[in-house]
Amino acid sequence: MLDKRYKNKTFVRYFIPPIAAIALLLIFYYIKEMYPFGPKTLAWVDMKQQVIPLMIQWKNILTGDQSMFLNMLNSGGSSFWGIFFFFVSSPFSVLILFTESRDTIVMMNVIVALKIAASALTCSIMLNKLYSRLSNFHLIIISIFY
């Protein structure tokens, strides 16, 4: 019986926050008719002007069409390493390989959702380790807000 309670507590404290965060984001996507529920996207201003072109460039590097070391498409010819570590170094950026370049703008909705879920998960892990006496309710709420 103790083992089952421990598993339930672990599930609640570690997996409910990212699931709830994604659920809330999906509700927002649905209300705003954003991908996957409509044609709209989270991308605007900086994400459209910088992040999406850099993600397309990152995809071209991963597929061997461009180089990490010298690229004439950015800054009049520079290395992509600095840009990579500043903008694109998330493990979720590799998901760009599974989409067409024209669909990168809607793929950003998926990547943002996964990053939010990962943030909620890592926050819940930290809170559980540092504040083990914190109630499940408070741990979940703080992790989602994080």
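Ring pairs join W58, F69, F80, W81, F84 and F85 into a cluster. The model is predicted. The whole structure holds 8 aromatic pairs. The largest nonpolar core has 22 residues. A nonpolar patch of about 630 Å² lies on the surface.

**Aromatic cluster**

- One aromatic pair is made by W58 and F84. Their ring centres are 4.7 Å apart, with 40° between the planes. The pair is tilted, because that angle falls between the 30 degree limit for stacked and the 60 degree limit for edge-to-face.
- This pair links distant parts of the chain. W58 sits in helix α2 (residues 46–62) and F84 in helix α3 (residues 81–88), 26 residues apart.
- Both partners are buried. W58 has a relative accessible area of 9%, and F84 has 12%. These values count as buried because the cut-off is under 20%.
- F84 also pairs with W81. Here the ring centres are 6.2 Å apart and the planes meet at 85°, so the pair is edge-to-face.
- W81 and F84 both belong to helix α3. They are 3 residues apart, about one turn of the helix.
- W81 is partly exposed, at 35% relative accessibility.

**Nonpolar core**

- Which residues have the most contacts inside the largest nonpolar core? They are M47, M55, W58, F80, V88 and M108.
- Helices α1, α2, α3 and α4 (104–130) are the elements that give two or more residues to this core.
- Helix α2 provides the largest share, 7 residues.
- W58 and F80 appear both in this list of core residues and in the aromatic cluster.
- M55 touches V88, S93, I96, T104, M108 and I111, leaving out residues up to four places away in sequence. Among these partners, V88 and M108 are also listed for the most contacts inside the core.

**Helix α1 and its surface**

- Helix α1 covers residues 2–31 and includes I27.
- Which residues make the nonpolar surface patch of about 630 Å²? L24, L26, I27, Y30, I31 and F37 make it.
- I27 is partly exposed, at 48% relative accessibility. That value is over the 30% needed for a patch residue, so I27 can count towards the patch.
- V12 also lies in helix α1. V12 is partly exposed, with a relative accessibility of 25%.
- Beyond its neighbours within four places in sequence, V12 contacts P17, N136 and I140.
- How far apart are the C-alpha atoms of V12 and N71? They are separated by 47 Å, with the two positions 59 residues apart along the chain counted as their spacing.

**Loop between α1 and α2**

- E33 is in the loop between α1 and α2. E33 is partly exposed, with a relative accessible area of 44%.
- E33 has a positive phi of about 55°, although it is not a glycine.
- P36 is in the loop between α1 and α2 as well.
- The peptide bond from Y35 to P36 is cis, with omega near 15°.
- Why do these two features merit a note? Most residues other than glycine have a negative phi, and most peptide bonds are trans.

Terms used. Residues numbered from 1 in each chain as written. Predicted model: local features only at pLDDT ≥ 70, side-chain atom pairs only at ≥ 80, totals over all residues. Heavy atoms only, no water. Patch = residues over 30% accessible without salt bridge, like charges linked within 9 Å, V, L, I, M, F, W, Y side chains within 5 Å. Areas by Shrake-Rupley, 256 points an atom, 1.4 Å probe, with all protein chains shown as cover. Salt bridge = Lys/Arg side-chain N within 4 Å of Asp/Glu carboxyl O. Helix = DSSP H or I, 4+ residues; strand = E, 2+ residues; numbered from the N terminus. Buried < 20%, exposed > 50% of the residue type's maximum accessible area, 1.4 Å probe, protein only. Phe/Tyr/Trp six-rings, centres within 6.5 Å; stacked < 30°, edge-to-face > 60°. Core = buried A, V, L, I, M, F, W, Y, C linked by side-chain atoms within 4.5 Å. Contact = heavy atoms within 4.5 Å.
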